[in-house]
Amino acid sequence: MTDKLKNIFYAACLTVTLTGCNDFFEILPMNEVVLENYWTEKSDVSSVVNSCYETLENSDCLTRMGVWGELRSDNLRLGASVPNEINEILKENLLPSNPMCNWAIFYQAINRCNTVCHYAPQVQAIDPNYTLEEMKANIAEASAIRALCYFYLIRTFRDVPYSTQPSIDDTQTYVVPATPFNAVLDSLITDLEKVKDDAVKRYYTDDSPNAYQNSSKITRWAIYALLADLYLWKGDWDNCIKYCDLVIDFKRQQYKEMVERDGNVNDIALFGDIPMILEKPVGSTVCGNAYNEIFGTGNSFESIFELYFRTNQSQQNSWVNSFYGNSTNTMGRLSAPDFLCKDAAQGTNNIFKRTDGRVYAASELDNSRYAITKYVRTNVSYSTQNVTKEADLHLVSNRRTGGDANWIFYRLSDMLLIKAEAEIQKGEEGYERAFMLINTVNKRANDVTSTARADTLKMADYINSKASMEELLLEERQREFMFEGKRWFDLVRIARRDGNNTRLVSLASRKYIENVNAIKIKLADPNIIYFPYAKAELRVNPLLVQNPAYGNEEDNELSK
């Protein structure tokens, strides 16, 4: 393939990325000459696979991951210089005209994935250097990224247009109705089940300088993690547990290999039989190591899949850099509500124990509000021994000078808590197993080891009822994953399982000070927990029917 033709293709990709689109699947409609000459060799497939990752890193995509998964939850409130479209969502005044309802960037990523799956077999048939194994691995990568994008879409909008066919011909039409949530979910599971074992296990050995790619690209373990999450939402507890166990077993094996290769591993230890990064490495007197490795450096031992920004200067993590903060601005566009962070060191916070380092690493008091520091800080150190006030922590930290924070989709804690949730839902026989998994996450955060302080959670306090176990699970997920784009989706999943919004309303409304009752009444609508379709989408796709929670006459008229 000539450089000229490659430039034509890349220019087409760039144009779509920069301009965006409202029309469903309007991306890369290439004429026959370009198609004939592009898909001819392995490098062509690799280039488009890489572009799938690059689309996830795009600021429009990353911002929506944060907004859709976190903003409406009880984790976030107003920060400094917040844009109006964000402020309106924070006030639960979400309208179809809000730019955050635009899903174009996700469908751009989906269509690139569709294109890889469509053309990779053709390339493999004509390029002798492109093996069948490599082709299957590329299709598995693209299928997983596509599934991840659709997973974001259905958790946000519920029913969405669904297709696995690429837009490659100007004569094709993709004006299709929305596919129901459960049908999309089942299709994603079916697709991933077909390709899961074709994915690469590891791209490099763990001691290679390129080992970061083992968690910054799709691997077999990333697909297993995604399948576990999909099965959790489906309510298939046995399959959910099966895939969690596969990933956990891999981490056990990875730890065993590290010990055999390097001898003692000072910063990782077994909690029961699960290897976790220590808050305080062997020989250290200060905590913060787990944060530093997982969020500061990134691509840690516990990582399963995350977006990599460390050496990518063309893309920055705009969500963290703008909405959480940076070295210039301590307070980003968003902040944390007081109840989540206030007085943790004094021991009067209802969410965090005074020994729980997660609250200190992820937030800091800035005048009268709590700035978000998770991902923002490159490193942090503190002491949780004999703490009665903030000064006792002796906290020291450094902040990023740019937007090079990675963004984590799945890590080992996800697998432990997803499995715990499935065990709880299976019934009373799973409560003890669930508690042990939850407690593993909690023990690490509180620096509870075999030679240190006692557990902060007591099994007897929880395992006598399903309600207590569910409450514990939700609390631990909030502590572990706050500001990671998961909390609102957690509340939506619980509401779907409950068949009502009672718990969602109770939890999500905790951050509000004004108009609390009005917001509670609004959130009680079972349809309101999903975003509306954007007005522009309704114009170009008449087969879409607006979410009834947002379908008032004025908006319908504007959408025509």
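Helix α3 covers residues 42-57 of this predicted model. Its 16 residues reach 23 Å from the first C-alpha to the last, close to the 22 Å expected at 1.5 Å a residue. Many positions along this helix can be listed by burial: Asp44, Val45, Val48, Val49, Ser51 and Cys52 are buried, and so are Tyr53, Thr55, Leu56 and Glu57. The buried set of α3 thus includes Asp44 and Glu57 as well as Val45 and Leu56.

A pair of helices comes next. Two packed helices are described by the angle between their axes and the distance between the axes. For α7 (residues 132-157) and α10 (residues 220-234), the angle is about 30° and the axes lie 11 Å apart. Because angles under 35 degrees count as roughly parallel, α7 and α10 are roughly parallel to each other. The crossing of α7 past α10 is left-handed. On the α7 side, the contact is made by Ala140, Ala144, Ala147, Leu148, Phe151 and Arg155. From α10 come Ile223, Leu226, Asp229, Leu230 and Trp233. Sorted by class, the contact holds nine nonpolar residues, two charged residues and no polar ones.

Further along the chain, helix α17 spans residues 431-445 and contains Asn442. The relative accessible area of Asn442 is 3%. Since buried means under 20% relative accessible area, Asn442 counts as buried. Which residues is Asn442 in contact with, leaving aside its neighbours within four places in sequence? They are Arg358, Thr456, Leu457, Glu476 and Arg479.

Terms used
Residues are numbered from 1 along each chain as its sequence is written. This is a predicted model: local features need pLDDT of at least 70, side-chain atom pairs count only at pLDDT 80 or more; totals for chains, interfaces and linings use all residues. Side-chain values use heavy atoms; hydrogens and water are left out. Helices (H or I, at least four residues) and strands (E, at least two) are DSSP runs, numbered from the N terminus. The expected span of a helix is 1.5 Å times one less than its number of residues. Buried means under 20% relative accessible area, exposed over 50%, partly exposed in between (1.4 Å probe, protein chains only). Contact means heavy atoms within 4.5 Å. Axes are lines fitted to C-alpha atoms, for helices over the stretch in contact, and angles run from 0 to 180 degrees between N-to-C directions. Angles under 35 degrees count as roughly parallel, over 145 as roughly antiparallel, 65 to 115 as roughly perpendicular and the rest as oblique. A crossing is left-handed if the near helix is turned anticlockwise from the far one by less than a right angle, and right-handed if clockwise. Ala, Val, Leu, Ile, Met, Phe, Trp, Tyr, Cys and Pro count as nonpolar, Asp, Glu, Lys and Arg as charged, and the others, Gly among them, as polar.
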